[in-house]
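Reader: I should like to learn how to read a protein model step by step. Please begin with the terms that are needed.

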Amino acid sequence: MELPLIALVLGMVVLGAIAQRVAGLGFAMLISPFLVIALGAHQGVFLVNICGVVSSAIIMPRVWKDIDWSMFRWLAAFSVFGSVAGALLAGSLPQAPLSIIVGAVVLAALLLSLILVRADVTLSGQFPKGSAGFLSGLTNALAGVGGPAVSAYAVLARWQQRPFAATLQPFFVVTGVVTVAMKFITTPDQVPPLPLWAWIAVAVFIWAGVLIGEQVQRVVTDRHARFFVLCFAFFGAITALVSGLRAL
């Protein structure tokens, strides 16, 4: 992989890590479409899956006291099934359809988030939790984007932002580890061809992005952070969708 492309990857993971630390999610939604365009659908999603695990693992100790472990167990248990199914399906799809799926999933998630803000519905019970976990695992494995399903559930269940954002970190670690393990087993040829130094740099840049995000969090409101993520993700999703359609 050429140096300019590696530099682009490092820049994107920093932005994703900042968004993840400020808003609790947004890492994958922000960078997945762009990495799919840069690396191809399979390698791009695979890299997002790996980076998502690293990002959430770094953030998790910082939000440990706010994690809702009861909610985590329900979501994570069902996400495993979705992750396995999504990894198997992703490995059988050609590049162009997978790129279209990535763009479509991100666009649908963004539109859903705008609609749900105005929804006057409250969810309760275990079935919605399990469904959200399964869908999150499925879309994470397919498109590298696991946040929208649980975000939609959080809005409709009136889950408070602080425990929600904290609980997502161990949830994303579990979902991501299962997804990455499945892809290593079923499609090892799809691992992004980064040199060893670049993998180390990715981890360092994610860590740096988390630290920057902690500083940004003090001066930027959640509303402004979400607005930035939405705008950037809309652009990336549309670009990935168009790219996949042209490739067809």
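Author: A residue counts as buried when its relative accessible area is under 20%, and as exposed when that area is over 50%. The model shown here is predicted.

Reader: With that cut-off, what percentage of the residues of the protein chain count as buried?
Author: The cut-off for a buried residue is under 20% relative accessible area. The protein chain has 248 residues, and the share of them that count as buried is 53%.

Reader: How many helices and how many strands does the protein chain have?
Author: From the N terminus on, the elements run α-α-α-α-α-α-α-α-α-α. The count for the protein chain is therefore 0 strands and 10 helices.

Reader: Which helix gives the most residues to the largest nonpolar core?
Author: The largest nonpolar core has 41 residues, and I31 and I206 touch the most other members. At least two residues each come from helix 1 (3-23), helix 2 (27-39), helix 3 (41-59), helix 5 (95-116), helix 6 (126-143) and helix 9 (196-219). With 9 residues, the helix that gives the most to this core is helix 2.

Reader: Which residues are in contact with I31, leaving aside its neighbours within four places in sequence?
Author: I31 is one of the two residues that touch the most other members of the largest nonpolar core. Beyond its neighbours within four places in sequence, the residues in contact with I31 are M12, V13, G16 and V48.

Reader: Which helix gives the most residues to the nonpolar patch on the surface?
Author: The patch is formed by W74, F78, F81, F134 and L135, with about 470 Å² of accessible area together. Helix 4 (69-92) and helix 6 each give two or more residues to the patch. With 3 residues, the helix that gives the most is helix 4.

Reader: Is L135 buried, partly exposed or exposed?
Author: L135 lies in helix 6. Partly exposed residues fall between the limits of under 20% for buried and over 50% for exposed. Because its relative accessibility is 43%, L135 counts as partly exposed.

Reader: How far apart are the end C-alpha atoms over residues 71-90?
Author: An unreviewed UniProt entry annotates residues 71-90 as one of the stretches under "transmembrane region". In the model, the chain over residues 71-90 is 100% helix and 0% strand. The end C-alpha atoms of residues 71-90 are apart by 28 Å.

Note on methods:
Residues are numbered from 1 along each chain as its sequence is written. This is a predicted model: local features need pLDDT of at least 70, side-chain atom pairs count only at pLDDT 80 or more; totals for chains, interfaces and linings use all residues. Side-chain values use heavy atoms; hydrogens and water are left out. A nonpolar core is a set of buried Ala, Val, Leu, Ile, Met, Phe, Trp, Tyr and Cys residues joined through side-chain atoms within 4.5 Å. Buried means under 20% relative accessible area, exposed over 50%, partly exposed in between (1.4 Å probe, protein chains only). Helices (H or I, at least four residues) and strands (E, at least two) are DSSP runs, numbered from the N terminus. Contact means heavy atoms within 4.5 Å. Patches are made of residues with over 30% relative accessible area and no salt bridge: like charges are joined within 9 Å, nonpolar side chains (Val, Leu, Ile, Met, Phe, Trp, Tyr) within 5 Å. Accessible areas come from the Shrake-Rupley method with a 1.4 Å probe; for residues, only the protein chains shown count as cover. A salt bridge is a side-chain nitrogen of Lys or Arg within 4 Å of a carboxyl oxygen of Asp or Glu. UniProt positions are given in the numbering used here, feature names are shortened, and annotations may be inferred rather than shown by experiment.
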